[in-house]
Amino acid sequence: MRRLAARGAAGDAGEVAAPATDSTDCAQGRSPRPRRLIDLCAIWDPGAFLPSASWKSASGIARRRLNEAETLSSVRQAQLERLEAARPRRPGSRERGPVLRMARQQPPPWVHAAVLLCLLCLSGAIEIPMDLSQPPTITKQSVKDHIVDPRDNILIECEAKGNPAPSFHWTRNSRYFNIAKDPRVSMRRRSGTLVIDFRSGGRPEEYEGEYQCFARNKYGTALSNRIRLQVSKSPLWPKENLDPVVVQEGAPLTLQCNPPPGLPSPVIFWMSSSMEPITQDKRVSQGHNGDLYFSNVMLQDMQTDYSCNARFHFTHTIQQKNAFTLKVLTNNPYNDSSLRNHPDMYSARGVAERTPSFMYPQGTASSQMVLRGMDLLLECIASGVPTPDIAWYKKGGDLPSDKAKFENFNKALRITNVSEEDSGEYFCLASNKMGSTRHTISVRVKAAPYWLDEPKNLILAPGEDGRLVCRANGNPKPTVQWMINGEPLQSAPPNPNREVAGDTIIFRDTQISSRAVYQCNTSNEHGYLLANAFVSVLDVPPRMLSPRNQLIRVILYNRTRLDCPFFGSPIPTLRWFKNGQGSNLDGGNYHVYENGSLEIKMIRKEDQGIYTCVATNILGKAENQVRLEVKDPTRIFRMPEDQVAKRGTTVQLECRVKHDPSLKLTVSWLKDDEPLYIGNRMKKEDDSLTIFGVAERDQGSYTCVASTELDQDLAKAYLTVLGRPDRPRDLELTDLAERSVRLTWIPGDDNNSPITDYVVQFEEDQFQPGVWHDHSKFPGSVNSAVLQLSPYVNYQFRVIAINEVGSSHPSLPSERYRTSGAPPESNPADVKGEGTRKNNMEITWTPMNATSAFGPNLRYIVKWRRRETRESWNNVTVWGSRYVVGQTPVYVPYEIRVQAENDFGKGPEPDTVIGYSGEDLPSAPRRFRVRQPNLETINLEWDHPEHPNGILIGYTLKYVAFNGTKLGKQIVENFSPNQTKFTMQRADPVSRYRFTLSARTQVGSGEAVTEESPAPPNEAYTNNQADIATQGWFIGLMCAIALLVLILLIVCFIKRSRGGKYPVREKKDVPLGPEDPKEEDGSFDYSDEDNKPLQGSQTSLDGTIKQQESDDSLVDYGEGGEGQFNEDGSFIGQYTVKKDKEETEGNESSEATSPVNAIYSLA
């Protein structure tokens, strides 16, 4: 952020007032006595007040000088115009009352007139109110060298003021010009401007000459400059036939233009006859005299012709000279690339190298004269092989860096606004690798007359003394000639009150009869100066030139001058008072200048009040009052800050202001010191400016302008937009070789984001014309790189710059460069052999591009044979990128080779690639198996097909649930070629499933195989398994029964091994133990060891347990009846031998109660 030191406070007189230390008064030529000093600079500060009285009461001089008033700066003026346009107005309103308000933003018109009066006064000029008698003063005139367009009427301006109004007459070539005798000539009303009208015929050239205007009234005569009238000329080029210019390659050449002498001189430029501009560089360039210089001629210069063109200013016409044609004698044929870009192109073309020599100016030394204030142009054009470089030096010192600049590829040195210290010896040094030479130019600075002290109007009272001073300088020293009312002073009647002392006229005890207009003419051989200054003798009492009772509002702490415009003769004295106090204001915070202005060095609140100025001379006095109000300054307390933003982001610039509440504040923005247009991407608020979607055009300085009627504050910030870089330019190819070239470029603007990379692209015109390919990438710090090239490519390059924001547009392409051919060094890539049908094989490859072809007529040798056979190679030559082999077996491997070949030879031996002929549908998968390990899942397994007939890409499984005739929705599953298992979750335990499986190749799905899931078990079995076998209590019961059966078996075994009857215990005598098994009726069941009903039992489908038939039981030992115990517990009956097994099967004894039956009866 940078705050501008431009407050622009209305009460700050630093913009227009003379410094406090300046002792220059408005009447420099008057008597030096302080009491006689005149001051016409007493004005109010611009913009500091508003008149409370009518503007019409202002003096006539202020009204007449409006058009000459000083204007504010462009920035301030733009602010005032916007404020004026935005200020509401009420018809017929007038500011009244003790507190006056600003009725308009711009100060009253008379203020501007007073500003001009002050500026003229500070420079020594004196203005007399126009209602007072005064001699003529020239106010407007044509330039000394007046060139006119012959197609228009001639206008020679001359305007003057005076009281009474002056009359005019003219001289032509120092003789009276009688306007009345020429019907074409007239003079404008109330003006001396001549108008020469050619609408009715006539030749403007007849009126060429030197004109001078005389403005006269009864108090004197004022003269204009001597105006030299010339008619613009644009003569035709003489017809001429130009023979071809024959020149040896490498020799210097000058094509002369010699344009016709025009007025003013025409602008020269060279083009071809087809109006194409001639490209200029340090080898070929146009001199200041219009000639075209070739430091050395090359064969390429024959490609065009050369025509000199002259453009004339007034007629806006272009004349073309007959074109020169060149015939260049050379030892080598034309080759574009080697001609322009060879690292040693001159030797490559057989051109002898030469040391530099000067073509213009010739020789080793020359001289040049220039007038002070003009531009000095020094030029050196040299020949040589290689083309020389030019450097400039000044003997005994440095070139003036602030005024010197180099032009025309360093062949010209221009020094602007030449002064005497720029004289001396300059030399240019032309050098190449063969040597160097120098040319010395001696510069002499002369000067037309220029003012040191220009004479100013002199206003005196009767009896006063004064002087007119006319001092000028020049080289050579100018002479001074005084005239009075247009006549030489020597021929005027003698005046005892006037004394001429060289460049000064002294007046003593002047009287009213001394009024006249004096002319000072100072001249030398390079020009002249003419100034008018009148002497006016007046008796005028003091008068105030400003409206009365003004209100001045000023800003706190500013340095302010209160001026009181007045006039009188003799010169009045001026004093200041505050609030009616009797003491004169001077000293402390107040300072009164000799011209009567009151300066308040630093405004404070207590400085408010009413100030009275009183002007007094011997003829009377006049006074005026001004009321001073002090306002708080406008200050930006939060200023916008410098910002860096990427394109497309949002930026906010703050601007918060504090100001006096009684003043209306306006905040506006400038961009690059011009009013900012607030478009739809911007939002302006009272304290900020927001820019949405920042673009490159938004970059620049933004100034916040906070202004009131009295002052303003400015704060500036710079917005830097990071954008894509500009495109590189001026691509040049050098160091040309068989397989490389050096590419050089000039980087474009990085647009505030450093360039990180350069991408070099190329285009060739044989394989893919118009298509650009990336060649290589380089760091952003380089601008020259060696590029590796391929044979037989007609290259064209371009460069793209890259930064953090993005990529630039591509540069303009370079010139083309073709490399020589060679056999291919590689073979095509991505060679494949694949069948498109079951009985063919298509061999394809990626064709080689321009950078790998290496030669013309690129083709491919295709070879193939079946793998692992002793067959000979089949081969064919192909110009495309595919070949189809027919009549092949299904999916058979082949060995394939593809070799590149061009007209320069074959490429290296290619690698062998394995390809396959076309595929067919695969056979069905083998051993398709369906298993159901439980009621919830079904497992599928299969093996690969016996004949895949290609590359398997997967399996397709389709299955559907069915229950009787009812079918479910078919589901399709796809598997990878390596998957041979699948587990399916059943949706319900009752339905069955039908599965269809097939393998797939690229051709499609092959033969399918179908299987069904097994039938599920009955529902009773399922319920028993679910309801009993899995219950905890059931498992515990079965364990207890098993233990009991085991004990019974042990007892039976013991009893059986003893034989006879089992002893019976008395129920009453021996109690049963808890482990003894006992029926409810007190009987026991016995079985031998082999009788194990639990282990031999089976579960039927209906959920019941069927007991296996026993091989042995206690029943077998009976005689066919059931074994029983007596009341005493003894066993009834004896053991019998076991009958044959077949005889006892189905016997009812098998139905005897057993532990197993008892268990199931409990369940």
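Student: Is I1050 buried, exposed or partly exposed?

Tutor: Let's start with where to look, keeping in mind that this is a predicted model. I1050 is in helix α8, which covers residues 1032–1058. Buried would need a relative accessible area under 20% and exposed one over 50%. I1050 has 45% relative accessibility, so the residue counts as partly exposed.

Student: Which residues make up the nonpolar surface patch of about 600 Å²?

Tutor: You have already met one of them, I1050. To belong to a patch, a residue needs over 30% relative accessible area, and I1050 has 45%. The full set is L1043, L1046, I1047, I1050, V1051, F1053 and I1054.

Student: Let me step back to the whole chain. How many helices and strands does the protein chain have?

Tutor: The protein chain has 1163 residues, and buried ones make up 45% of them. Its accessible surface comes to about 59700 Å², with 48% belonging to carbon and sulfur atoms. As for the elements you asked about, the count is 11 helices and 85 strands.

Student: What share of the contacts between residues at least 6 apart in sequence join residues at least 24 apart?

Tutor: Here a contact means heavy atoms within 4.5 Å. Start with the contacts in the protein chain whose residues are at least 6 apart in sequence, then pick out those whose residues are at least 24 apart. That share is 67%.

Student: Now for some strands. In which sense do β74 and β75 pair?

Tutor: Strand β74 covers residues 926–931 and strand β75 covers residues 937–943. They form a hairpin, with 5 residues between them. Across the pair, V930 stands opposite L940, and R931 stands opposite N939. The two strands are joined over 4 bridges, and their sense is antiparallel.

Student: Which residue in β79 is the bridge partner of T937?

Tutor: β75 is also joined to strand β79, residues 981–985, by 5 bridges, and these two run antiparallel. β75 is mostly covered, with 5 of its 7 residues buried. The bridge partner of T937 in β79 is Q985.

Student: Which residue forms a salt bridge with R927?

Tutor: In general, side chains of opposite charge can pair when their charged atoms come close. For R927, the closest N and O atoms of the salt bridge are 2.3 Å apart. R927 lies in β74 and its partner in β75, so the pair ties together parts that are 16 residues apart in sequence. R927 is exposed at 54%, whereas its partner counts as buried at 18% relative accessibility. That partner is D943.

Student: How many salt bridges does the structure hold?

Tutor: One example is E157 with K140, whose closest N and O atoms are 3.3 Å apart. E157 lies in the loop between β5 and β6 and K140 in strand β3, so this pair ties together parts that are 17 residues apart in sequence. Another joins R742 and D735, at 3.2 Å from N to O. The structure's total is 48.

Student: Which residues are linked with R638 in a network of salt bridges?

Tutor: A salt bridge needs a side-chain nitrogen of Lys or Arg within 4 Å of a carboxyl oxygen of Asp or Glu. In this network, R638 is linked with E654, R656 and D687.

Student: Why is the pair of Y393 and F427 called stacked?

Tutor: By the ring-centre rule there are 19 aromatic pairs. For Y393 and F427, the ring centres are 5.2 Å apart. Planes under 30 degrees apart count as stacked, so this pair qualifies with its planes at 25°.

Student: How many residues apart in sequence are the parts that Y393 and F427 tie together?

Tutor: Y393 counts as partly exposed at 39% relative accessibility, and F427 counts as buried at 16%. Y393 lies in strand β26 and F427 in strand β29, so the parts they tie together are apart in sequence by 34 residues.

Student: One last question! Is E868 buried or exposed?

Tutor: E868 is in the loop between β68 and β69. Its C-alpha atom is separated by 8.6 Å from that of Y894, 26 residues apart along the chain. The cut-off for exposed is over 50%, and E868 has a relative accessible area of 72%, so the residue is exposed.

Key: Residues numbered from 1 in each chain as written. Predicted model: local features only at pLDDT ≥ 70, side-chain atom pairs only at ≥ 80, totals over all residues. Heavy atoms only, no water. Pairing = 2+ DSSP bridges. Buried < 20%, exposed > 50% of the residue type's maximum accessible area, 1.4 Å probe, protein only. Areas by Shrake-Rupley, 256 points an atom, 1.4 Å probe, with all protein chains shown as cover. Patch = residues over 30% accessible without salt bridge, like charges linked within 9 Å, V, L, I, M, F, W, Y side chains within 5 Å. Phe/Tyr/Trp six-rings, centres within 6.5 Å; stacked < 30°, edge-to-face > 60°.
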